[in-house]
Amino acid sequence: MVDRSPFVVVANRLPVDEVTTDTPGGRVTGSGDSARRWRRSPGGLVTALHPVLVERHGTWIGWSGSPGPAPEPFELDGINLRPVPLSEEDLERYYEGQSNATIWPLYHDNVEPPVFRRRWREAYRVVNRRYAEAAAEVAAEGATVWVQDYQLQLVPAMLRELRPDLKIGFFLHIPFPPIELFMQLPQRAEVLRGLLGADLVGFQQRLAAQNFIRLARHLLGTPYHGNVIEYEGRQVKADAFPISIDVGEMQRLADNPLVRERAVQIRAELGDPKTVILGVDRLDYTKGIEHRLKAYRELLAAGRLSVPESVMVQVATPSRERVEHYQALRIKVEREVGRINGDFGRVGVPAVHYLHQSYSRSELAALYCAADVMMVTPLRDGMNLVAKEYVAARLEHGGALVLSEFAGAAGELRQAFLCNPHDLDAVKDALMRAVTVDEHEARRRMSVMQRHLRRHDVARWASDFLTELGAIP
Ligand code: ADP
Ligand code: F6P
């Protein structure tokens with residue numbers, strides 16, 4: 001007999017990491033040969049939803065992170081976890097293919113050309129149905145189901161068909177493209193109808209919600225009033241809910257004496273330069289890493305910056321490494337890093353420290369504390385949590401954020417040094433303004449942004465969404 005939940009989250013991944021023999025800690029589930037150890041993964045989404053899930057005896061449905069048969073459902077830290085299996089072929093076609101080589105680039109303004117394959121679309125359909133069936137199975141009568149992100153856009157409609165009694169919310173973490181771009185998607189009507197299966201569709205920005213409402217009118221002729229779409233005798237609301245971070249967690253980390261000590265140590269290891277410039281991104285072509293490196297190189301070449309007075313640290317988290325666009329990006333970024341270090345580094349004094357690695361939350365916080373300037377220059381980004389994390393970590397330190405106008409975060413962090421990442425001169429100017437800003441002005445800007453974040457953390461994001469969903473009759 002399946003234990004049914006009144007609150008269900010459906011996401012591509014479960015909010016847990018499997019603990020391997022060389023990682024300490026974790027809780028054991030199962031017994032004997034089937035015993036596996038899991039640990040709650042770090043991240044704002046799970047932190048925000050954890051209290052709601054615990055309080056409502058909730059279930060999170062998602063993939064465990066390993067291909068093959070799914071582990072048995074288990075409980076961790078008061079949350080029920082219901083793994084969905086993904087085979088190697090599902091990963092290749094649904095995750096790497098349709099999700100990350102078709103939809104991801106298309107929704108990010110086609111910054112790389114999307115690849116369209118019929119077999120990927122079919123796999124996306126099959127896997128979305130698997131998630132919808134799992135949700136239909138665990139959701140209690142009249143439950144609230146919250147579906148997350150672009151990998152699962154067909155789930156709302158599939159789930160509504162299976163379980164018309166449910167209240168269904170959907171949140172898109174990435175941008176939603178304008179009509180002209182969306183219309184390129186071969187599966188366009190199916191994806192749109194999939195999303196319209198929800199009662200509430202949430203986006204990072206108002207413009208994205210408007211794109212969605214206009215698209216529904218354009219493609220399906222659905223009438224709307226304000227932000228409510230009339231669809232098949234139901235009302236579907238589209239609204240903006242800019243996501244945020246666990247501000248308290250980042251501030252506590254930044255305030256921790258060990259983290260502060262580590263920040264001092266990092267600066268010392270970098271040769272105690274006058275200016276530490278930091279970038280922290282998944283190694284993704286939407287993040288503008290190459291543009292940022294090129295801007296830095298041109299500033300060094302022009303003598304507007306110099307080594308060792310300034311040094312850049314670029315953390316590039318390995319991501320989606322089997323997808324071709326990502327492999328090509330890695331080659332380009334590493335070539336650029338090599339070129340900069342070749343031209344401007346000295347023995348023991350590189351101009352760019354490039355780290356293709358994942359870090360713990362405390363090491364990330366130490367890097368944020370160590371950096372005078374943070375560069376967040378995506379060509380397009382739904383929100384960009386790194387920008388918010390840097391601001392939250394600065395406490396009384398001042399520091400300057402260079403931020404792309406094309407990151408959702410730019411709608412809120414107006415005191416950053418905003419720039420158009422496609423315009424290299426604009427990136428260079430923003431970086432120089434950030435490097436040379438006086439301390440008083442830097443603190444003023446940072447404290448305005450911190451005040452905003454303290455009032456808009458990820459718990460508020462979740463509660464705003466769920467309150468609006470709950471208010472829908
Ligand atoms: P995206 O969701 O596209 O990766 P965001 O900036 O919104 O971009 O979120 C990235 C998240 O991943 C942030 O919470 C950030 O702290 C974390 N992160 C980025 N790089 C690393 C890394 N090298 N190690 C660990 N966590 C990282
Ligand atoms: O921001 C989009 C997103 O897909 C998140 O949902 C996810 O946490 C992150 O990027 C990393 O992506 P992936 O799950 O493909 O490693």
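Visitor: In β13, which residue is the bridge partner of Y231?
Guide: R234 is that partner. Keep in mind that this is a predicted model.

Visitor: What makes β12 and β13 count as paired strands?
Guide: Two strands pair if there are at least two bridges between them. Strand β12 (residues 228–231) and strand β13 (residues 234–240) are joined by four bridges. The two therefore count as paired. They run antiparallel. Another of the partnerships sets I229 against V236 in β13.

Visitor: How many residues lie between β12 and β13 in their hairpin?
Guide: Two. E232 sits in that turn, with a positive phi of about 50°.

Visitor: What makes β11 and β12 a pair?
Guide: The cut-off is at least two bridges. β11 and β12 have two bridges, so they pass. Again the strands run antiparallel. H225 stands opposite V228 in β12. This hairpin also has two residues between its strands. G226 in the turn has a positive phi of about 60°.

Visitor: Why are β6 and β11 called edge strands?
Guide: Each pairs on one side only. β6 covers 74–76 and β11 covers 224–225. They belong to an open sheet of ten strands, with mixed pairing. Its order is β6-β7-β5-β1-β8-β9-β10-β13-β12-β11.

Visitor: Which strands are the edge strands of the six-stranded sheet?
Guide: β16 (352–355) and β19 (417–419). Each of them pairs on one side only. The order across this open sheet is β16-β15-β14-β17-β18-β19, and the pairing is parallel. From one strand to the next, the twist averages 15°.

Visitor: How many bridges pair β14 with β15?
Guide: Eight, in the parallel sense. I277 stands opposite M312 in β15.

Visitor: What makes α13 roughly antiparallel to β18?
Guide: Angles over 145 degrees count as roughly antiparallel. α13 runs at about 165° to β18 (400–404). That value is over the limit, so the label applies. α13 also lies across β14 and β17 (373–376).

Visitor: Is α12 called perpendicular or parallel to α13, and why?
Guide: Roughly perpendicular. The band for that word runs from 65 to 115 degrees. Helix α12 (residues 361–370) and α13 pack at about 70°, with their axes 9 Å apart. The angle falls inside the band, so roughly perpendicular is the word. The crossing is right-handed.

Visitor: Which residues make the contact between α12 and α13?
Guide: α12 brings A365, Y368 and C369. α13 brings E389, Y390 and A393. By class, that is five nonpolar, no polar and one charged. Glu counts as charged, so E389 is the charged residue.

Visitor: Why is α9 called oblique to α12 rather than perpendicular or parallel?
Guide: Roughly parallel requires under 35 degrees, and roughly perpendicular requires 65 to 115. Helix α9 (residues 257–269) crosses α12 at roughly 60°, and their axes come within 8 Å. That angle fits neither range, so α9 is oblique to α12. α9 passes α12 in a right-handed crossing.

Visitor: Which residues of α9 and α12 meet?
Guide: α9 offers V259, R260, R262, A263, I266 and R267. α12 offers S362, A365, A366, L367, C369 and A370. The contact has eight nonpolar, one polar and three charged residues. Arg counts as charged, so R260, R262 and R267 are the charged ones.

Visitor: How many residues surround ligand 1?
Guide: There are 14, and the closest are T317, S358, Y359, L385 and V386. The shell has seven nonpolar, five polar and two charged residues.

Visitor: Which element supplies the largest share of the shell around ligand 1?
Guide: α13, with three residues. β14 (275–282), β15 (310–317) and α13 (385–393) each give at least two.

Visitor: What makes three residues of the shell around ligand 2 charged?
Guide: Asp and Arg are in the charged class. The residues around ligand 2 are R13, D149, H173, I174, S319 and R320. R13, D149 and R320 are therefore the three charged residues. The rest of that shell divides into one nonpolar and two polar. Ile counts as nonpolar, so I174 takes that place.

Notes
Residues numbered from 1 in each chain as written. Chains lettered and ligands numbered in written order. Predicted model: local features only at pLDDT ≥ 70, side-chain atom pairs only at ≥ 80, totals over all residues. Near = placed C-beta within 6 Å. Axes fitted to C-alpha atoms, helices over the stretch in contact; angles between N-to-C directions. Left-handed = near helix turned anticlockwise from the far one by under 90°. Contact = placed C-beta atoms within 7 Å.
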